[in-house]
Amino acid sequence: MANVNLTIDGKAISVPAGTTILAAAKANDIYIPTLCFLEQLEPHASCRMCVVEVEGARTFQHACAAKVREGMVVRTNTEAVRKSRKLTLQLLLSDHSVDCHHCLRIGSTKCADLDPKFCEWCFFCDCERDGFCDLQNLAREYEVDQLPFEQKHNQYPVDASSVIVRNPNRCIKCKRCVDVCAKVQTVHNLAASGRGSAVKIGPAFEKPMAESRCIGCARCVEVCPTGAIFVRECKDELLDVTHTYGVKSVAMADAALIPELERIWPRKKEAVTLEQIVGSLRKLGFQAVVNADDMRALAAAETEKRLDARLKKGSAIVIDSLAAKKLLERDYAEYADRFVFMPSAAAVFGIFAKDALGADKTAVFGAIGPEASEVYETGCADFAMNARELYRTMVRTGAEPNPQRAFAPDAVEFDAPSGKYGKLLERVDWNRGLEAERFELTVGRKTYQCAICHNGAQLQAALDADIVRVIA
Ligand code: SF4
Ligand code: SF4
Ligand code: SF4
Ligand code: FES
């Protein structure tokens, strides 16, 4: 494809025709703020945060949607642009509960007075997303202190019926969750209803999440730029348990936490290790900590047997999360004879910790949301905590990962899987793309076409493979 030459903030750049201004800027290290835009999906261009000036254009352009043109001159950070973005933020925040923006300790609502380092230590804020919120970050960046508009003070009920909790008072209607639920997961649980300022985002017919089509995959949580949708938190109950004398608490720690912890901990200089996480969990009060990889190996050994039996009859679909199970049982029931259930690490851990280690209470420290859904829905463990909540708990209790406090996970004896199904049954990182991972696998004298799918959209396109693994 031919290249287009343009200038962004005085920098001459050349990008393929059809590129958006946002992508061109990003490829050249020029920052443009966004709220509604999601990589890999069609832009809505609805939030107006990404507006830029284009020479010759009568109005601001949305960088996430406008395509580059030959000779274009773009300015991303003029006073007028900044003023427009600030106005957008003021409008969004005037229809928002802003739980985090009235600091009782510092006694101010002024951004300049708030000290992010102090916020990390403080227990006072009400919002689960405080410190990790795109809207809050932008409000700070654009110094949105006083709101020149009447505050709406909405009091919509919070839906805590499921592990995926919705707080509509913090929703900015960016529709990222709607898109990811429909186009990536193919579940179509969330939708916008109403018009104009009365738009509401939620399940059809305003059903509670527990009664909706939701499969508990937490993809919506991952993309929500605010605290409007989040995974149920448990730190207070969990700390109560680990500090109760006579209650044996056992944790499962996952190395998959490490990249996520390092991402949300920008000030941390040394690399985080699994041993340091084990040390932190011991400091939090857990008497034993097992490695999630060991539990996964146990699950893989069991799944190998089930897969061997299935492949004697024909092709197989390996289902390894509760979210995937719900999706397949509901939307792909005609393939039920191919289903092979792979127990999750959390499920194996729950049984192992109680039977082999005599645990009274168990907690799973995983990196992704579906595990939390499974823990709370099936009761396979007592608590589940993601990287963000673990980070805040560690920081607030002085239990941060520390090279001086590093311990190996507790040793676990088990029959290891043979490994003949290779990566098909190994840990895989969550792939946010829309394409399944395809490969050939030879087991004995047979070669299978395999696909690993990370969402509903990938699954739809991969059903022709001999062995499909689904992680929804
Ligand atoms: S969603 Fe963000 S801006 Fe809103 S209260 Fe929570 S942290 Fe603050
Ligand atoms: S958890 Fe998954 S299925 Fe449920 S609403 Fe969110 S994206 Fe949709
Ligand atoms: S719940 Fe979050 S992702 Fe969904 S529309 Fe509201 S703010 Fe956007
Ligand atoms: S990110 Fe472009 S309009 Fe929202």
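## A tour of three ligand shells, a helix pair and two loops

Start by selecting ligand 2 and the residues around it: nine of that shell are nonpolar, two are polar and one is charged. As you look around, keep in mind that this is a predicted model.

**Stop 1: ligand 2.** To build the selection, pick Cys181, Val187, Asn189 and Leu190, then Met209, and then the run Cys214, Ile215, Gly216, Cys217, Ala218, Arg219 and Cys220. Together these surround ligand 2. Which cavity are you looking into? Ligand 2 sits in the second largest cavity.

**Stop 2: ligand 1.** Now move to ligand 1, which sits in the largest cavity. Show His96, Val98, Asp99 and Cys100, add Cys127, Asp130, Cys133 and Gln136, and finish with Arg170, Thr226 and Gly227. Colour this shell by residue class and you should find four nonpolar, four polar and three charged residues.

**Stop 3: ligand 3.** Next, centre the view on ligand 3. Around ligand 3 you can select Cys171, Ile172, Lys173, Cys174, Lys175, Arg176 and Cys177, followed by Ile201, Cys224, Pro225, Thr226 and Ala228. How many residues of each class are in the shell around ligand 3? Eight are nonpolar, one is polar and three are charged.

**Stop 4: two crossing helices.** Leave the ligands for a moment and show helix H10, residues 292-311, together with helix H12, residues 345-355. Their axes come within 8 Å and cross at roughly 100°. An angle from 65 to 115 degrees counts as roughly perpendicular, so that is the description that fits H10 and H12. To see the contact itself, display the side chains of Ala292, Met295, Arg296, Leu298 and Ala299 on H10, and those of Ala345, Val348, Phe349 and Phe352 on H12. This contact of H10 with H12 has eight nonpolar residues, one charged residue and no polar ones.

**Stop 5: two backbone turns of note.** Finally, select Gln40, in the loop between helix H1 (21-27) and strand E3 (51-54). Gln40 is not a glycine, yet has a positive phi of about 75°. Then jump to His188, which you will find in the loop between helix H5 (176-184) and strand E7 (190-193). What is the phi of His188? The value is positive, about 55°, although His188 is not a glycine either.

Note on methods. Residues numbered from 1 in each chain as written. Chains lettered and ligands numbered in written order. Predicted model: local features only at pLDDT ≥ 70, side-chain atom pairs only at ≥ 80, totals over all residues. Heavy atoms only, no water. Near = heavy atom within 4 Å. 1 Å grid on protein atoms, 1.4 Å probe; cavity = no way out; pocket = protein on both sides within 12 Å on 5 of 7 lines; lining within 4 Å. Sits in = over half its atoms within 2 Å of the grid points. Nonpolar A, V, L, I, M, F, W, Y, C, P; charged D, E, K, R; others polar. Axes fitted to C-alpha atoms, helices over the stretch in contact; angles between N-to-C directions. Helix = DSSP H or I, 4+ residues; strand = E, 2+ residues; numbered from the N terminus. Parallel < 35°, antiparallel > 145°, perpendicular 65-115°, else oblique. Contact = heavy atoms within 4.5 Å.
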